[in-house]
Amino acid sequence: MPSSSYLIFFHSIMRYLVLLFAVIVVIQSLMGMLGKKKFLKSNKMPALMLLIFCDLQLVMGLLLYYTSIISRGVLSSGMVMKDTYNRFFAVEHSVSMIVAIVLVHVGYSTIKKNIDDGSKFKRLFWCSFVALSLMMAMIPWANKQVVGRPNIPVMPA
């Protein structure tokens with residue numbers, strides 16, 4: 001099992017790829033929706049990359065959840081909701097990110113359906129926009145009290 005400090009490092013680096021592709025998908029789908037454009041293969045690729053990076057992020061997050069939260073007995077102690085740090089990572093961050101990843105999957109599955117291009121752009125936009133909003137709110141940015149982590153991760157020694 002990899003060291004949790006390395007997992008946190010790679011999980012923190014990967015967030016920027018997820019956010020980059022989420023922003024690209026949101027902007028591209030908004031432009032397609034407002035401009036009444038045709039849905040092309042070039043519109044599908046960023047959504048697929050977002051899906052892939054979200055899934056990789058989920059796997060790393062689940063490994064972190066197991067190695068950091070379950071192995072320390074945080075959930076079984078009954079004190080998780082009283083401790084801001086543990087509550088954030090064990091409940092708030094985890095549940096919000098899973099919901100965001102489900103939305104990314106719903107958005108991507110929509111673009112594979114045989115529906116008009118306007119509907120594809122609209123559904124992809126709203127799923128991606130809400131997912132991006134959840135991600136931005138639940139990332140432990142450096143300025144968050146108690147739970148903040150460095151915005152630019154440092155490789156563990």
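**Figure 1. Which residues form one aromatic cluster?** Tyr-85, Phe-88 and Phe-89 do: these three form one aromatic cluster. Keep in mind as you look around that this is a predicted model. In total, the structure holds nine aromatic pairs, and a couple of them get their own views below.

**Figure 2. The whole protein is built from four helices and zero strands.** Start at the N terminus and the elements run α-α-α-α. Put a box around the C-alpha atoms, along the principal axes, and it comes out at roughly 50 × 35 × 30 Å. The protein has 157 residues, and 39% of them are buried. Now take the contacts between residues at least 6 apart in sequence: 77% of these join residues at least 24 apart. How confident is the predictor, going by the mean pLDDT of the protein? That mean is 88, and 92% of the residues reach 70 or more. Confidence is lowest in α2, at a mean of 91, and highest in α4, at 96.

**Figure 3. Here Leu-7 sits in helix α1, which covers residues 4–34.** Is Leu-7 buried or exposed? Its relative accessibility is 7%, so Leu-7 counts as buried; the cut-off for that is under 20%. Leu-7 and Met-60 are 53 residues apart along the chain, yet their C-alpha atoms are separated by 6.6 Å.

**Figure 4. His-11 is another residue of helix α1 to look at.** His-11 is buried, because its relative accessible area is 13% and buried means under 20%. Met-60 turns up here as well: the C-alpha atoms of His-11 and Met-60 are separated by 6.2 Å, with their positions 49 residues apart along the chain. Which residues does His-11 contact, leaving aside its neighbours within four places in sequence? They are Gln-57, Met-60, Gly-61, Leu-64 and His-93.

**Figure 5. Phe-9 and Phe-10 form an edge-to-face aromatic pair.** A pair of aromatic rings is described by two things, the distance of the centres and the angle of the planes. For Phe-9 and Phe-10 the values are 5.1 Å centre to centre and 70° between the planes. The two partners see their surroundings in their own ways. Phe-9 has a relative accessibility of 13%, so Phe-9 counts as buried. Phe-10, with a relative accessible area of 41%, is partly exposed.

**Figure 6. In this view, Phe-39 and Phe-121 make a tilted pair.** Why is the pair called tilted? The ring planes meet at 55°, with the centres 4.9 Å apart, so the pair counts as tilted. This pair links distant parts of the chain: Phe-39 is in the loop between α1 and α2, Phe-121 is in helix α4, and the two are 82 residues apart. Both Phe-39 and Phe-121 are buried.

**Figure 7. Helices α1 and α4 pack against each other at an angle of about 145°.** Two packed helices are described by the angle between their axes and the distance between the axes. For α1 and α4, the axes are 8 Å apart, and the crossing is left-handed. On the α1 side, the residues that meet α4 include Val-18, Leu-19, Ala-22, Val-23 and Met-33. On the α4 side, Phe-121, Leu-124, Phe-125, Phe-129 and Met-136 are among them. How many nonpolar residues does the contact of α1 with α4 have? There are 15 nonpolar residues, along with four polar and one charged.

**Figure 8. Lys-36 is a spot on the loop between α1 and α2.** What is special about phi of Lys-36? Phi is near 50° there, a positive value in a residue other than glycine. Lys-36 has a relative accessibility of 75%, so Lys-36 counts as exposed; the cut-off for exposed is over 50%.

**Figure 9. The last view goes to Tyr-108 in helix α3, which spans residues 84–111.** With a relative accessible area of 11%, Tyr-108 is buried. Tyr-108 and Arg-123 lie 15 residues apart in sequence and 9.1 Å apart in space, C-alpha to C-alpha. Which residues does Tyr-108 touch, not counting residues up to four places away in sequence? Tyr-108 touches Lys-44, Ala-47, Leu-48, Leu-51 and Leu-124. You have met Leu-124 already, as one of the α4 residues in the contact with α1.

Key
Residues numbered from 1 in each chain as written. Predicted model: local features only at pLDDT ≥ 70, side-chain atom pairs only at ≥ 80, totals over all residues. Heavy atoms only, no water. Buried < 20%, exposed > 50% of the residue type's maximum accessible area, 1.4 Å probe, protein only. Phe/Tyr/Trp six-rings, centres within 6.5 Å; stacked < 30°, edge-to-face > 60°. pLDDT = per-residue confidence, 0-100. Axes fitted to C-alpha atoms, helices over the stretch in contact; angles between N-to-C directions. Left-handed = near helix turned anticlockwise from the far one by under 90°. Contact = heavy atoms within 4.5 Å. Nonpolar A, V, L, I, M, F, W, Y, C, P; charged D, E, K, R; others polar.
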